[in-house]
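This report introduces a protein model to a reader who has not met it before. Please look at the sequence and the structure below before reading on.

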Amino acid sequence: MTASASSAAPKRAPIGRKPAVDPASTWVRQADAPEGAPKASIYTARLTIDVTPSLRGRIKVIAFERGDTAAEMLRELLEREYGAGQP
């Protein structure tokens, strides 16, 4: 009777080892690490704007074609338009 009871129990998949480093903890600790890019270290405020999906797509494509990120490209645009020295 014991043999039939054990064969009716669902088989469990083996559980692998716990990852050595928790990816979430690594990501959180990155805020404590020194900035890698000198440009990024001076930008400390986040700005959120709403754009249409098609405009977002065009911005990303143009940035990719220029070998830049959309954030870098938009920072340069905003700096040109609303740069320092202007109220």
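The report below treats confidence, helices, surface, pocket and selected residues in turn.

**Confidence and overall build**

The model is predicted. Over the protein chain the pLDDT averages 77, and 62% of the residues score at least 70. Confidence is lowest in helix α1 (residues 2-8), where the mean is 57, and highest in helix α4 (residues 53-66), where it reaches 95. Where pLDDT is low, the predicted coordinates should not be read in detail.

The protein chain contains 5 helices and 0 strands. Its pattern along the sequence is accordingly written α-α-α-α-α.

**Surface and burial**

Of the 87 residues in the protein chain, buried ones make up 5%. About 8,600 Å² of the protein chain is exposed, and carbon and sulfur atoms supply 59% of that area.

A nonpolar patch on the surface is formed by Leu47, Ile49, Val51, Leu55, Leu78 and Tyr82. Together these residues have about 610 Å² of accessible area. One of them, Leu47, is found in the loop between α3 (38-42) and α4. Leu47 counts as exposed because its relative accessible area of 65% is over the cut-off of 50%.

**The largest pocket**

The largest pocket holds about 850 Å³ of space. Its lining comprises 17 residues, and those nearest its centre are Leu47, Ala71, Leu74, Arg75 and Leu78. Leu47 and Leu78 are also named in the nonpolar patch. Helices α4 and α5 (70-82) each supply at least two residues of the lining. With 6 residues, α5 gives the most to the lining.

**Residues of helix α4**

Which residues of the chain can illustrate different degrees of exposure? Two are found in helix α4, namely Arg58 and Ala63. The table sets them beside Leu47 from the loop.

| Residue | Relative accessible area | State |
|---|---|---|
| Leu47 | 65% | exposed |
| Arg58 | 48% | partly exposed |
| Ala63 | 2% | buried |

Ala63 is classed as buried because its relative accessible area of 2% is under the cut-off of 20%. Arg58, at 48%, is partly exposed, because that value falls between the cut-offs of 20% and 50%.

Both residues of α4 also have a computed distance to a residue further along the chain. Ala63 and Met73 are 10 residues apart along the chain, and their C-alpha atoms are separated by 6.5 Å. For Arg58 and Ala70, 12 residues apart in sequence, the C-alpha to C-alpha distance is 9.9 Å.

Notes. Residues numbered from 1 in each chain as written. Predicted model: local features only at pLDDT ≥ 70, side-chain atom pairs only at ≥ 80, totals over all residues. Heavy atoms only, no water. pLDDT = per-residue confidence, 0-100. Helix = DSSP H or I, 4+ residues; strand = E, 2+ residues; numbered from the N terminus. Patch = residues over 30% accessible without salt bridge, like charges linked within 9 Å, V, L, I, M, F, W, Y side chains within 5 Å. Areas by Shrake-Rupley, 256 points an atom, 1.4 Å probe, with all protein chains shown as cover. Salt bridge = Lys/Arg side-chain N within 4 Å of Asp/Glu carboxyl O. Buried < 20%, exposed > 50% of the residue type's maximum accessible area, 1.4 Å probe, protein only. 1 Å grid on protein atoms, 1.4 Å probe; cavity = no way out; pocket = protein on both sides within 12 Å on 5 of 7 lines; lining within 4 Å. Points joined across faces, edges and corners; volume = space filled by probe spheres on them.
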